[in-house]
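Visitor: Could you take me through one part of this protein in detail? I would like to see how its helices sit against each other, and what lies on the surface beside them.

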Amino acid sequence: MTLWYTARGAGLAALIVLTLSTSLGALTSIKIRSAATRVVTQYTHRTAAALGLGLIVVHVTTIVADAKAGVGAYGAFVPFASAYRPNAVALGSIAAYVFILVGALGFARGRLANSARGAAVWRYVHTLAYGAWGLAMLHGLNAGSDADLPWVRTIWVLCLLTVLGSVTVRLGGQARRGLVLGAMQ
């Protein structure tokens, strides 16, 4: 039973900190007046992402170790191969792979940003984190054995509202910049 609690707790905790990272990532792209605020926001974004990846490792490891879960190593690492809710588990596997890719490229950002092409590739791949976050949400809703609990649903709703709100602020900031730039021309 300890593995079950650890797996569920790590999965929900990963969703919460990856929601924080995704939201802060959206917000760091808007113009922040204070350099100190921008540095703290970016540092928190990166730290939450790293913590989220660590929690994914704990989540997957405990799911694989729990024989009662019915997932196994092959089912956890090969999308659509799980005996337990194969489509829902696949969403989590794919989300984890995308988060790992985005994290690895985020770690290499300094080297990639040395060229315009490298920076463009980094930005493109980094935006995949939004999709991975969405897949992780769907994974939890469809694979989670505690998905029907009201407090778990509340966490998902709050995570959804947080990311949607951050993306709305980001897009609103870009729209205002476009209006200002257009008026200046």
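Guide: Happy to: what follows starts with the whole chain, moves to two helix pairs, and ends at a patch on the surface.

Please keep in mind that this is a predicted model. The protein chain has seven helices and zero strands, so read from the N terminus the order of elements is simply α-α-α-α-α-α-α. Its C-alpha trace spans about 65 × 35 × 30 Å along the principal axes.

Let's begin with the pair at the N-terminal end of that order. Helix α1 covers residues 2-28 and helix α2 covers residues 35-65. Their axes lie 7 Å apart, and the two helices pack at an angle of about 155 degrees. Angles over 145 degrees count as roughly antiparallel, and α1 and α2 are therefore roughly antiparallel to each other. The crossing in which α1 passes α2 is left-handed. As for the residues that make this contact, 17 are nonpolar, 12 are polar and two are charged.

Now turn to α4, residues 86-107, and its partner helix α6, residues 116-143. Here the packing angle is about 155 degrees, with the axes 8 Å apart. By the reasoning used above, α4 and α6 are therefore roughly antiparallel to each other. The crossing of α4 and α6 is left-handed. In the contact of α4 with α6 you will find 20 nonpolar and five polar residues, and no charged ones.

Helix α4 also takes us to the surface, which is the last stop. A nonpolar patch is found there, formed by Tyr 74, Phe 77, Val 78, Tyr 97 and Ile 100. Together these residues have about 510 Å² of accessible area. Two helices each supply at least two residues of the patch: α3, which runs over 72-77, and α4. Phe 77, for instance, has its place in helix α3.

So, if you follow α4 with your eye, you meet both topics of this tour: α4 packs against α6, and α4 also supplies at least two residues of the nonpolar patch.

Methods
Residues are numbered from 1 along each chain as its sequence is written. This is a predicted model: local features need pLDDT of at least 70, side-chain atom pairs count only at pLDDT 80 or more; totals for chains, interfaces and linings use all residues. Side-chain values use heavy atoms; hydrogens and water are left out. Axes are lines fitted to C-alpha atoms, for helices over the stretch in contact, and angles run from 0 to 180 degrees between N-to-C directions. Helices (H or I, at least four residues) and strands (E, at least two) are DSSP runs, numbered from the N terminus. Angles under 35 degrees count as roughly parallel, over 145 as roughly antiparallel, 65 to 115 as roughly perpendicular and the rest as oblique. A crossing is left-handed if the near helix is turned anticlockwise from the far one by less than a right angle, and right-handed if clockwise. Ala, Val, Leu, Ile, Met, Phe, Trp, Tyr, Cys and Pro count as nonpolar, Asp, Glu, Lys and Arg as charged, and the others, Gly among them, as polar. Patches are made of residues with over 30% relative accessible area and no salt bridge: like charges are joined within 9 Å, nonpolar side chains (Val, Leu, Ile, Met, Phe, Trp, Tyr) within 5 Å. Accessible areas come from the Shrake-Rupley method with a 1.4 Å probe; for residues, only the protein chains shown count as cover. A salt bridge is a side-chain nitrogen of Lys or Arg within 4 Å of a carboxyl oxygen of Asp or Glu.
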